[in-house]
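Here's a set of short exercises to work through with the model open in front of you. Try each task yourself, then read the solution under it.

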Amino acid sequence: MAIYVKGYSSYLPESFEEELMSAVEKTKYTLGQLELDKDSEFFPQRSDQKIMRNDTKASIVAIQELIQEVGLSKQELSAASLFVSNGAFVESAEKYFKKIPTIFSDPSNESNSEKKNYEIYRSSPPLVALETLHNSMMSFIGQYAGINNHNFTFGNTSISTFYAVQEANLSLKKGIAENIFVSASNCAGSYSFLSNSATLGYKENWKESNAGGHLLLTNDSKNAKCAITDVNSNKKVPRLNSRLIERNWLDLFPEVKSDLLIHSGAYDSETTLSDQKYCELHHDKVITLFNEFGNMGTSNILVGIIHAIGLLSDTIQIIDIADRDVYGRESLIRIERC
Amino acid sequence: MLANKVYILDYDVISPIGVGRDSMINGINANISADKDFTRVDTKGIPFNRAAEVAEDLSELYKDESDVLKNTIQYDRKLELLAACYGKMKDRVAELVPKFDIEKTGILIGVGADVVPLTLFEDLIRNYARKDQNAIKELYTAFSKDNTRINTVNNPYDLYSVYLAEKFNAGAYQKSILTACVSSTQAIALASDSIRNGECEIVITGGTDSLVNLLALISFGKLGIIPESDGEKSCFPFDTKRKGTLAGEAAGIVIMASEEFVKRHELKPVAQFMGYGNTLDGYKITAPDPEGTAMVQAIKDSVSNAGITTDEIDYINAHGTGTRHNDHLELQCLERALGKDMSTIPISSTKDRHGHAIAAAGVQELCLLLELMKHSTIPKNLQMTSPCDDSFNLVKENYTSPIKYALTNNFAFGGINTVLTIKNELL
């Protein structure tokens, strides 16, 4: 039994810059940045902006654009469910700690913990707990969209969005809600880069981006953009003590072959090329979004689905979207033309 | 009411009032409060130095873990608490785990915020800074060099669920829920769905979190949630003099199973997970909806999904943080949702004993509730001397009474309301 994409919206990186991470280790990465539409009628209120990351601001604009397009009533929105996945919750590794090195370097603080702690206290931003709140994206979406029902924030690797879609799939089939928003947003930057590169091992040509979007999922095929007909993941226990990449997407491909396979790619071009070669061994037509956007973390799957919807045609009727997260967990979502 | 029954087979907890479930009930009966000046971190110079900390050395409980994991545990209190919790229960569940089907066993846990204890790296940071290098970036990079998927600091949040997946051979999924004070409550709720809909027959659920560190105390203190310390007790849920919550820490693991699994293996569950309510205020990130509409709905949904009546509720373990506004709102919402004379249902918050463990609050309070059920104990609001509302049965003394059905409430920053209904299977 399928579920349906009734509407979608997204925000994608528009500029790319090389960022130096460590002068000592000579590590660097390419960062995809969002261009915020500050003139949008849907741009968040000024009082909220100060505790929002940039990707959250973009998400708030995008959700309201989607709601305007699909025309849900207030009651329908209130009764809708909301499943969210986020990448990093901090844009920059040093944002909240920029004064710490100065405080630690002050010789008068070395033997005076009271003075040192007081200076740390004084230098800490007053709203840091709200700025880094894990569910801030979900709560802001709830606030701006008027969603009051079932909700979860999954996170924070790329499989989290698979889990959100999987949960929506199960919830719709059980009749828990008629409308479910799945929202993904990836906050890329030095914090994300450090977390992911430490988990996977740093490689040259690292590229990751801010990106995100929303899907509105229902049981109703009327005017649907596509059907989601398969939601599957490898049922294996990930291993923490090894970084070895085992490619087993083949186990997830349904019997009926798709017309196109979109894979997320890795965080670096070399591993992405290996993924591409693996996929080409098992499929005739394979593309990746990595070359254009880099890795979009938690937004890989969602942007992949939205990109796939745009490619559906008379000759491309079935598309598979495949992903692997930083712990090696593989997933596959299939969409079909309605 | 949904069709398939969901049972709780086993559980354990690391709490400021007890390392392990058995010692927790002793802490309740002895009216121990962990509301104390805390010792693990030097807090001289900041106005917040009270917290409920797990004061015991936990290292014996995870002594068999790998060196890489133990290295990370030095800097990650959440991981230490979770590893200790697993260590506490591993011998007891050793015969149960081989019965799990890898493809039908999932992990679903609530996890708190990432806090890198920068004060532990003071010398390194100073050295980078004196060389005019970007100290924070260089420090993080320096800790990113081993050859495993376990980072020294700054791990993705699924580290904790993947860690448990290795222990419990759970291949169906390894999910984290990141929703502040309801993280583990939602994880437990979602685990029940996963079993009811047949996705899994076993889900290992729970959570881990710690606020007992300098940066968390400063950030929550600056928001006015943790009161400035005056050397006295600081947390007074449902009392007229309440002024803020008590930072805490905990980890808990709960094994939930399908009815079919329980019958097939002739197991004796300790409790049944009856139902839950889970709603979103959609109001403001900074404050709960003063109307409490979604909170009322979550309480109503939990009871109606459980298929019980209000009269059957024997006890409510309240969220009761001890903050002025939240405690009042919770009581009003309970009254509106349950629609009856609230002088009859005993209500207490236990946060004045074990503190607010944020992402682990839900699992800590569920484990405590299971112990209360096992021992037929209704705990008092320990530090309440002047109840804020006499029309409610805010428990004033511990007493013995069977608990068949109970609610446990948690409400989060950003307006998330999650309420669980539990049935005692040991009565």
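**Exercise 1: A residue in a loop**

D76(B) sits in the loop that links α2 (67-73) and α3 (77-89) of chain B. Keep in mind that the model is predicted. Work out whether D76(B) is buried or exposed, and find how far its C-alpha atom is from that of V116(B).

*Solution.* Start by counting neighbours: D76(B) has 27 C-beta neighbours inside 10 Å. The cut-off for buried is 20 or more. D76(B) therefore counts as buried. Now for the distance: D76(B) and V116(B) are 40 residues apart along the chain, and their C-alpha atoms are separated by 7.5 Å.

**Exercise 2: Another loop residue**

Find P379(B), decide whether it is buried or exposed, and list its contacts beyond its sequence neighbours.

*Solution.* First, the place: P379(B) is in the loop between β12 (377-378) and β13 (393-394) of chain B. Next, the count: there are 24 C-beta neighbours inside 10 Å, so P379(B) is buried. Then leave aside the neighbours within four places in sequence, and the contacts of P379(B) are I28(B), S348(B), T350(B), L372(B), V395(B) and N398(B). F411(B) makes a useful distance check: it is 32 residues from P379(B) along the chain, and the two C-alpha atoms are separated by 21 Å.

**Exercise 3: Two helix pairs**

Describe how α1 (residues 21-29) and α13 (residues 361-374) of chain B cross, then do the same for α2 (residues 54-70) and α7 of chain A.

*Solution.* Take chain B to begin with. The axes of α1(B) and α13(B) come within 10 Å and cross at roughly 75°. The two helices are therefore roughly perpendicular to each other. On the α1(B) side, the contact uses R21(B), M24(B) and I25(B), while α13(B) brings C367(B), L368(B) and E371(B). Sorted by class, that contact has four nonpolar, no polar and two charged residues.

Now chain A. The axes of α2(A) and α7(A) also come within 10 Å, and they cross at roughly 35°. This crossing is right-handed. From α2(A), the residues involved are T56(A), S59(A), I60(A), I63(A), Q64(A) and I67(A); they meet S136(A), M137(A), F140(A), I141(A), Y144(A) and A145(A) of α7(A). By class, you get eight nonpolar, four polar and no charged residues.

**Exercise 4: Checking a helix length**

See whether α12 (residues 300-311) of chain A has the span you'd expect, and pick out its buried residues.

*Solution.* The helix has 12 residues, and at 1.5 Å a residue they should span 16 Å. The end C-alpha atoms of α12(A) are 16 Å apart, which agrees. As for burial, N300(A), I301(A), L302(A), V303(A), G304(A), I305(A), I306(A) and A308(A) are the buried residues.

**Exercise 5: Where the chains meet**

Describe the side of chain A that touches chain B, and say which element gives the most to it.

*Solution.* Begin with the totals: 70 residues of chain A are in contact with 76 residues of chain B. Several elements of chain A supply at least two residues each, including β2 (15-22), α4 (100-105) and α9 (190-200). The one that gives the most is α5(A), with eight residues. By class, this side of chain A divides into 32 nonpolar, 29 polar and nine charged residues.

Then look across to chain B. In α8 (residues 214-222) of chain B, eight of the nine residues are buried. These buried residues pack against α5 and α6 of chain A, together with β4 (50-51) of chain B. Just after α8(B) comes G224(B), with a positive phi of about 85°.

**Exercise 6: Backbone oddities**

Locate a cis peptide bond in chain A, then examine the positive phi values of N169(B) and A180(B).

*Solution.* The cis bond joins G155(A) and N156(A), with omega about 5°. N156(A) is in the loop between β5 and α8 of chain A.

Moving to chain B, N169(B) isn't a glycine, yet its phi is positive, at about 55°. Its loop runs between α6 (159-168) and β6 (173-177) of chain B. N169(B) has 15 other C-beta atoms within 10 Å, so it is partly exposed.

A180(B), also not a glycine, has a positive phi near 50°. It lies in the loop between β6 and α7 (183-196) of chain B. With 26 C-beta neighbours inside 10 Å, A180(B) is buried.

Key
Residues numbered from 1 in each chain as written. Chains lettered and ligands numbered in written order. Predicted model: local features only at pLDDT ≥ 70, side-chain atom pairs only at ≥ 80, totals over all residues. Contact = placed C-beta atoms within 7 Å. Helix = DSSP H or I, 4+ residues; strand = E, 2+ residues; numbered from the N terminus. Nonpolar A, V, L, I, M, F, W, Y, C, P; charged D, E, K, R; others polar. Axes fitted to C-alpha atoms, helices over the stretch in contact; angles between N-to-C directions. Parallel < 35°, antiparallel > 145°, perpendicular 65-115°, else oblique. Left-handed = near helix turned anticlockwise from the far one by under 90°. Expected span 1.5 Å × (residues − 1). Buried ≥ 20, exposed ≤ 12 C-beta atoms within 10 Å, placed from the backbone.
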